[in-house]
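Reader: I have the model open beside me and would like to go through its local geometry with you. Could we start with backbone details and work towards the ligand?

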Amino acid sequence: MKFIDLNTQYRKIEVNIKKRIHNVLEHGMYVNGPEVKSCEEKLADFVGVDHCVLLASGTDAIFLPLLALGIGPGDEVIVPAFSFYATSEVVNLAGATPVFCDIDPHNYLMDISKIQSLITKKTKAIMPVSLYGQCSDIDQLKKFGLPIIEDGAQSFGATYKNKMSCALSSFGGTSFFPAKPLGAYGDAGALFTNNADHALAIRELKEHGSQKRYHHTRIGINGRCDSIQAAVIEEKLQIFPGEIKQRQLIASRYYEALEGVKIMRVDEHNTCVYAQFTIEVDNREKFREFMSEKSIPTAVHYPSPLNKQPVYEKESFFNLDFENAQKASERVVSLPMHPYLEVSDQKKVIEAVLQYHKI
Ligand SMILES: Cc1ncc(COP(=O)(O)O)c(C=O)c1O
């Protein structure tokens, strides 16, 4: 049994994928080829926004908005204390300071009730993370009147009050890392916005701060998504809506069967794409060994609050204790979740989890 099965997906779309990659090899425009524009148009349409800029990674999709907003040394950005490291890393890369906010222990998203006390004159943006595949309550976040950069790396295709993740705020960034709900065959990401100036800024920033060749008006990076990845994403987008339905069906089976187990809560105004299906257990290492003996793979997202990463050892926030982030980092574990998970395999997972809990 696989934690995420990308091979089965590939077999399903193999003929078309090969054709798409072959096209790129034939025309030879490996960078900024026609696939990039065409994929951007399809993605913008899917999300329901005016602009999509394909990028080299999800990290770039949350880093470049900080540069576009002119956020740098002396500025602060509020981020959740529990996420993948890129969330706070990009704030440091911009030269600004991440200000950590504890999470809600039920949905593992930033605890919005704790934000007001973190806002200072230096606060320049809030970066909510749509962890495990569902969005934060953006309407509540908007009340703080600060730019919002959604880290939607795990929630592409999810909805909040019937609007798509990445279409909810000033900037919506996502990742197409292969294991993400919509994955490329390498690194890639995208930024979504309805603001033409923001889109233009991101376009320049990902091209070494230039609008035309050898004329540089900003400090940027090489953040381009290459043509082969764009072709792959565009092809996979066609089967993506069906895959989301499958993920949701599999999740609903887990919820039904695992009554009594603490599972991530999906808020009423949300639909979730279950980038991860995450539960809590006592004695996590014992649980993972128990599952592993039955050949059931599990994973931990994530084993430490962000502010406790070794890189931050010398920072004053390293010693802050975020009760819910700490508890989650010790207890969460993700179960196999992908659109091609067989019913019989899911049954095995469910039986093993119930056996561990002796339910
Ligand atoms: C919450 C979150 N933010 C940012 C990223 C970074 O995306 P990428 O790996 O595409 O750079 C990831 C990817 O793992 C993520 O899960």
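Reader: Is K161 buried or exposed?
Author: The test counts other C-beta atoms, placed from the backbone, within 10 Å of the residue's own: 20 or more is buried, 12 or fewer is exposed, and anything in between is partly exposed. K161 has 12 such atoms within 10 Å. Because of that count, K161 is exposed.

Reader: Where is K161 found?
Author: Two conventions first: residues are numbered from 1 along each chain as its sequence is written. The model is predicted, so local features need pLDDT of at least 70 and side-chain atom pairs count only at pLDDT 80 or more, while totals for chains, interfaces and linings use all residues. Helices (H or I, at least four residues) and strands (E, at least two) are DSSP runs, numbered from the N terminus. With those names, K161 is found in the loop between β6 and β7.

Reader: What is the phi of K161?
Author: K161 is a residue other than glycine, yet its phi is positive. The value for K161 is near 45°.

Reader: And Y274: what is its phi, and is that residue buried or exposed?
Author: Y274 sits in the loop between β12 and β13 (277–280). Although Y274 is not a glycine, its phi is positive, at about 50°. There are 27 C-beta neighbours inside 10 Å, so Y274 counts as buried.

Reader: Which strands are at the edges of the sheet that holds β6?
Author: Two strands pair if DSSP finds at least two bridges between them. This open sheet of three strands has the order β7-β6-β12, with antiparallel pairing. Pairing on one side only marks the edge strands, which are β7 (163–164) and β12 (270–271).

Reader: Which residue of β12 stands opposite Y160?
Author: Strand β6 (residues 159–160) and β12 run antiparallel and are joined by two bridges. Opposite Y160 in β12 stands N270.

Reader: Why is one side of β3 and of β4 left without a neighbour in the sheet?
Author: These strands belong to an open sheet of three, in the order β3-β2-β4, with parallel pairing. β3 (97–101) and β4 (123–126) stand at the edges, so each has a single partner strand.

Reader: What is the average twist from one strand to the next there?
Author: Axes are lines fitted to C-alpha atoms, for helices over the stretch in contact, and angles run from 0 to 180 degrees between N-to-C directions. From one strand to the next in the β3-β2-β4 sheet, the twist averages 35°.

Reader: Which residue of β4 is the bridge partner of E76?
Author: Strand β2 (residues 76–80) runs parallel to β4, and three bridges join them. The bridge partner of E76 in β4 is T123.

Reader: How many residues of β1 are buried?
Author: Strand β1 (residues 51–55) pairs with β9 (residues 189–193) in the antiparallel sense over five bridges. One of the matches puts L55 with G189 of β9. Strand β1 is mostly covered, and of its five residues the number buried is four.

Reader: How are α3 and α6 oriented to each other?
Author: The axes of α3 and α6 (residues 196–205) come within 9 Å and cross at roughly 110°. Angles under 35 degrees count as roughly parallel, over 145 as roughly antiparallel, 65 to 115 as roughly perpendicular, and the rest as oblique. The crossing angle therefore makes α3 and α6 roughly perpendicular.

Reader: Which peptide bond is cis?
Author: Y302 lies in the loop between α9 (284–293) and α10 (323–331). Omega is about 15° for the cis peptide bond that joins H301 and Y302.

Reader: What separates the C-alpha atoms of P303 and E293?
Author: P303 is in the loop between α9 and α10, and P303 is exposed because 10 other C-beta atoms lie within 10 Å. P303 and E293 are 10 residues apart in sequence, and their C-alpha separation is 21 Å.

Reader: Which elements give two or more residues to the shell around the ligand?
Author: A residue is counted as near if its C-beta atom, placed from the backbone, lies within 6 Å of the molecule. The ligand is surrounded by 15 residues, the closest being S57, G58, T59, A153 and S175. Two or more residues come from each of α3 (58–68) and α4 (86–93).
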